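Student: Could we go through this model together, one feature at a time, with the reasoning spelled out before each answer?

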Amino acid sequence: MSAPSSIELLARIAPVSDEEAAEVLGPAARARLLVAIMRQSPGRTRPARRRLRRPLVAALAVVAVAAATGAGWAMTRGSARETTTVDCLIDGESTVIDATSGDPASDCAAVWPAPAPKLQAYDDGIGGVVVIPASQKPRAGWTAIASQDVALIELQESLDDNINGLDSSCFDASAATTFARQQLDRLGLIGWTVQVRSSSQTGQSAPCYGGFAQPEAKTVTLMPFGDQSGPASWPPHRLADSLRPLTQECLSLPAMKSEVEQRASSLGLSQTVEGSHNYELNSTEDDTMRCATVYETVGGTIDVVLRGPSAP
Amino acid sequence: MTAAAKRERFELLYEELYESIAGYVLRRAANREDAAEAIAETFTTLWRRLDSCPAGEAARPWLYGVARRVLSNQRRGERRRNALAERLTSELEPSEAAPVVASGSDDRVARVFAALNEPDREILALIAWEGLTREELAVALGASRAVVRLRLHRARRRFEAALEHETGAEPAPAPARIRLPEGGERRECA
């Protein structure tokens, strides 16, 4: 038998096989990443790179579930007005955030280094919404826009919601379909369909379904993501449990905000401390609403989104 | 390409290449968090640049090239804020360093490999661990075949010389962990 070649010797010390590597993230994360990527607008040019601090989420590493369906999403060759993400071009670098208020410039101002300049939102012509300082010249093909469709934003939030949405417990395909249809009706989104992908299409066997909206096809797609139930002690679960009773009450926005802050604080969660006890609170005044709504999604941190009237 | 066709092609490539890219990245990244970020960044780039990704088998080395640049930027400390990467990282167990070599592997081979310069390690690992052919190496490294052939020849020579110097004898074999480039399984690209 001949001696092994140097390349064969080297192959034997490979630290991990492809199969083992794929298991590091697990099938649920793999499926979530696929969905989250396809919800982003394709075709953007690569932004300039710069040194960045370690993502906040490193400290939230134990936050092991329910992450990706809240990720950025935009249309494949769809209309920018149908996206539920905003691309804030801070110093030429892309920071994609979930839209919350329907005013993309206002949403970006919240993440812009203070003091934020006057900002302007544009339809980038390829399905995305981009925000840059109003003093900067937009690229060719960009057209100014002022708003995004709040119903679409809320649809995605409700699907990702940890309080009552698909991330709040394990929904099987039937329950997830019913839930999605209820949300479409509630938000007045007419002519939409709910499509369920079977387990075999994603390689998942666990029965817990998550979902994402595809406005270009007027479709909510539901996919099995595996068992998303984390430990009861997981901060987002504890907060969601604490906030759930509020969804049964009819509160003004200020009252809802006060309740959320109190309950989060009692759980040791803060809006200022970066790390595992951090949450972000976004509130949007809408006097056409009778009662405030609250959604909790999990991404780089815990995001709590409130909408409601300024007074009871 | 229509939106549906684009989505379908991306899904096919993702399913076909996820394990390979995850393996490559995890074998090269400093830790699991960096690996998760690099995987997310690599496939996000594929999605955004799908029109640039070559058809057929050439897609695989092309994506290795993307992953290689992502890892390279990571090592230089240049990161983009990538919300997907953050979310993917959040799915991991608490930080754990990625293994440098297989546990129980031949220490002498590992020691010699670790002592090589980075370009040599990279090209040898792409051949031995990723199973790329020389043609695919040229695509992944963005270099001509002639340059790749020369770089590979020199890297291999330095590795073998160092092995000889280190061991003075043939190293003991360890269990194989990955397919070999010659005669091994080849993957079809979507």
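Student: At roughly what angle do the axes of helix α3 and helix α7 of chain B cross?
Tutor: This is a predicted model, in which local features need pLDDT of at least 70, side-chain atom pairs count only at pLDDT 80 or more, and totals for chains, interfaces and linings use all residues. Residues are numbered from 1 along each chain as its sequence is written, while chains are lettered from A and ligands numbered from 1 in the order in which they are written. Axes are lines fitted to C-alpha atoms, for helices over the stretch in contact, with angles running from 0 to 180 degrees between N-to-C directions, and helices (H or I, at least four residues) and strands (E, at least two) are DSSP runs numbered from the N terminus. For helix α3 (residues 59–75) of chain B and helix α7 (residues 134–141) of chain B, the axes come within 7 Å and cross at roughly 40°.

Student: Which word describes the orientation of α3(B) relative to α7(B)?
Tutor: Angles under 35 degrees count as roughly parallel, over 145 as roughly antiparallel, 65 to 115 as roughly perpendicular and the rest as oblique. The crossing is at roughly 40°, which makes α3(B) oblique to α7(B).

Student: Which residues of α7(B) meet α3(B), and how many nonpolar residues does the contact have?
Tutor: Two residues are in contact if their C-beta atoms, placed from the backbone, lie within 7 Å. On the α3(B) side there are B:R60, B:P61, B:W62, B:Y64, B:G65 and B:R68, and they meet B:E136, B:V139, B:A140 and B:L141 in α7(B). With Ala, Val, Leu, Ile, Met, Phe, Trp, Tyr, Cys and Pro as nonpolar, Asp, Glu, Lys and Arg as charged, and the others, Gly among them, as polar, the contact has three charged residues, one polar and, for the class asked about, six nonpolar.

Student: How many of the residues of helix α6 of chain B are buried?
Tutor: A residue is buried if 20 or more other C-beta atoms lie within 10 Å of its own, exposed if 12 or fewer, and partly exposed in between, with C-beta atoms placed from the backbone. In α6(B), B:D120 and B:E122 are buried, as are B:I123, B:L124, B:A125, B:L126, B:I127 and B:A128. Helix α6 (residues 118–128) of chain B is thus mostly covered, the buried count among its eleven residues being eight.

Student: What share of the residues of chain B is buried?
Tutor: Chain B has eight helices and one strand, and residues 24 or more positions apart account for 76% of its contacts with a separation of 6 or more. Of its 190 residues, the buried share is 46%.

Student: Turning to chain A, why is strand β11 described as largely enclosed?
Tutor: On one side of β11(A) A:T293, A:Y295 and A:T297 are buried, and on the other A:V294, A:E296 and A:V298 are buried too, which leaves both faces covered. Strand β11 (residues 293–298) of chain A is largely enclosed by the rest of the structure because its buried residues number six of the six.

Student: Which residue of β12(A) is the bridge partner of A:V294?
Tutor: Two strands pair if DSSP finds at least two bridges between them, and β11(A) pairs with strand β12 (residues 302–308) of chain A in the antiparallel sense over six bridges. On another side of the pairing, β10(A) and β12(A) run in the parallel sense over seven bridges, with A:S283 bridged to A:L306. For A:V294, the bridge partner is likewise A:L306.Student: Which strands stand at the edges of the open sheet β10-β12-β11 of chain A?
Tutor: The pairing in this sheet of three strands is mixed, and the twist averages 15° from one strand to the next. Helix α8 (residues 253–266) of chain A lies across β10, β11 and β12, running at about 160° to β12(A). Two strands have a single partner strand each, so one side of each is left without a neighbour in the sheet, and these edge strands are β10 (279–285) and β11 of chain A.

Student: Which helix packs on the sheet formed by β7, β9 and β8 of chain A?
Tutor: This open sheet has the order β7-β9-β8 with mixed pairing, and four bridges join β7(A) to strand β9 (residues 219–224) of chain A in parallel. A:V196 stands opposite A:L222 in β9(A). The helix that touches β7, β8 and β9, its direction making about 155° with that of β9(A), is α5 (residues 173–186) of chain A.
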